[in-house]
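Student: I would like a close look at a single part of this model, taken slowly and with its surroundings included. Could you choose one helix, begin with what covers it, and work outwards from there?

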Amino acid sequence: MRHHLLRGAALAVAVALFAGCAGTPAQSPEPITRAAPVVETGTLAGAPWRFEIPADWNGELVVLLHGYESRGVPRETPWPADPATAIFLARGYAVAESAYASQGWAVADAIADSERLRAHVAARHEPKRSWLVGMSMGGLVALASLEQHGAAYDGALSLCGVNVPATQVFAETLRSLVAFDVLFPDAGLPGGSLSDPAAPPLDDPRADQVALMTAIGTALAANPDAAATLARALEVAPDALAGTLSLHVLVQREMIARAGGLPVGNRDTVYSGFGDDAAFNAGVRRYTASPQAMAYLDDTTELRGAIGKPVVLRYNHDDPTIPPRWQSVYPALAATAGHADKVTVLPPAGEGHCGFSPEQIDEAFDVLTARPPR
């Protein structure tokens, strides 16, 4: 997430698991004495934006893509620089950043708004090369933007990214929530079961989300054996489980409101990894996906691996949001589409979710930009 947008400590624990910013480095780069960059701000199609061009511009552009931003979180005006902006400015790159026209799981808006901003900047400054850089949800936006607008870009870097098709994201979100409902049937949570698609969205990130995370934590503590089973199945550390689950509720309910229904179903899904699989599957709540919501995901945000430019992926160690099983998904998609040679996966670096140092971001970006065109 953009770190200056959320100030509640408990909420930050939950939402930071998934949000990530387009670059929240673990530490700030060393200050460099140089002329201040020229800064422009404005709004395009309802999306605030920011563009900075350094005095020693190298003629290239970074389109920086921020991560998940909870609905209703106040925004600063004008749109402020991302924490990672200084990393690229110090290297001579101009940086363009869109806030996106909407908050929440705004992948479709993010793709359109960021490309609109790139075109706006390119018409005035004509960069020699343009690069996509995103973290967390912004990593998914970077890959989808390269697939959909590949002619405009020279490559993409996804850091701690949600580098899987959106249908998989929401299938796994639903899996975690129905699993909680089975393993903790008497949790007494506000709003009833976690998985219920008819439940209202969590509109107040400072109150509803914290209350829900607290209630989930209480339920987990009351049944540590079931909590351990759930943590193993989700590949999440036990102390991160409450935050991960509450975040999945937030994202699923927000997507249901955005897409007009549940985007995935589980009528025919056979779950495993939860102990007695037969009993588990017999007790799972079953839901049917909304055709309208399914079409929304497929038309706007799905990944297919259809890239013609280089992609670099880097993950963190012990990330509670991006499970290890996701890390091989996009390389496999690209290979199926005939583009295996376009994807480089770097060794993991940093801890947690999007916990990269500036040097680790620099290293990954160097790998991307040093690759010759194919």
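Tutor: The buried residues of helix H7 are covered by parts of the structure that include H5, H6 (208–222) and H8. This is a predicted model, and every value that follows is computed from it. The residues of H7 that count as buried are Ala-226, Ala-227, Thr-229, Leu-230, Ala-231, Ala-233 and Leu-234. Just beyond the end of this helix, Glu-235 takes a positive phi of about 60°.

Among the elements that cover H7, helix H5 deserves a detailed description. The axis of H5, which runs over residues 166–183, comes within 11 Å of the axis of H7, residues 224–234, and the two cross at roughly 165°. Since an angle over 145 degrees counts as roughly antiparallel, H5 and H7 are therefore roughly antiparallel to each other. The sense of the crossing of H5 and H7 is right-handed. On the H5 side the residues that meet H7 are Arg-175, Ser-176, Ala-179, Phe-180 and Leu-183, and on the H7 side they are Ala-226, Leu-230, Ala-233 and Leu-234. Sorted by class, this contact of H5 with H7 holds seven nonpolar residues, one polar and one charged. The four H7 residues just named, Ala-226, Leu-230, Ala-233 and Leu-234, also appear among the buried residues of that helix.

H5 also packs against H8, residues 241–259, and here the angle is about 125°, with the axes 10 Å apart. H5 and H8 are therefore oblique to each other, and their crossing is left-handed. From H5 the contact draws on Phe-170, Thr-173, Leu-174, Ser-176, Leu-177 and Phe-180, while H8 supplies Leu-245, His-248, Val-249, Val-251, Gln-252 and Met-255. The residues of this contact of H5 with H8 divide into eight nonpolar, four polar and no charged. Ser-176 and Phe-180 take part in the contact of H5 with H8, and both are also listed where H5 meets H7.

Turning to H8 itself, 17 of its 19 residues are buried, so this helix is largely enclosed by the rest of the structure. Its length can be checked as well: at 1.5 Å a residue, the 19 residues of H8 should span 27 Å, and the C-alpha atoms at its ends are 27 Å apart, which agrees. Immediately after H8, Gly-260 takes a positive phi of about 85°.

A residue from another helix connects with this region. Leu-297 lies in helix H10, residues 291–300, and counts as buried, with a relative accessibility of 0%. Once its neighbours within four places in sequence are left aside, Leu-297 is in contact with Ala-166, Thr-167, Phe-170, Met-255, Pro-263 and Glu-302. Two of these, Phe-170 of H5 and Met-255 of H8, belong to the contact between those helices. The C-alpha atoms of Leu-297 and Pro-165 are separated by 9.0 Å, although the two residues are 132 apart along the chain.

On the approach to H5, Cys-160 sits in the loop between strand E6 (155–159) and H5. The phi of Cys-160 is near 50°, a positive value in a residue other than glycine, and Cys-160 is buried, with a relative accessible area of 0%. Asp-318 likewise has a positive phi, near 55°, and is a residue other than glycine. Asp-318, however, is exposed, with a relative accessible area of 65%, and lies in the loop between strand E7 (311–314) and helix H11 (329–336).

For context, the secondary structure of the protein comes to twelve helices and eight strands, and 56% of its 374 residues count as buried. Of the contacts in the protein with a separation of 6 or more, 80% are accounted for by residues 24 or more positions apart. An example of two residues distant in sequence is the pair Met-135 and Cys-354, which are 219 residues apart along the chain and 6.9 Å apart in space, C-alpha to C-alpha. Met-135 has its place in strand E5, residues 129–135, and is buried, with a relative accessible area of 0%.

Technical notes
Residues numbered from 1 in each chain as written. Predicted model: local features only at pLDDT ≥ 70, side-chain atom pairs only at ≥ 80, totals over all residues. Heavy atoms only, no water. Axes fitted to C-alpha atoms, helices over the stretch in contact; angles between N-to-C directions. Parallel < 35°, antiparallel > 145°, perpendicular 65-115°, else oblique. Left-handed = near helix turned anticlockwise from the far one by under 90°. Contact = heavy atoms within 4.5 Å. Nonpolar A, V, L, I, M, F, W, Y, C, P; charged D, E, K, R; others polar. Expected span 1.5 Å × (residues − 1). Buried < 20%, exposed > 50% of the residue type's maximum accessible area, 1.4 Å probe, protein only.
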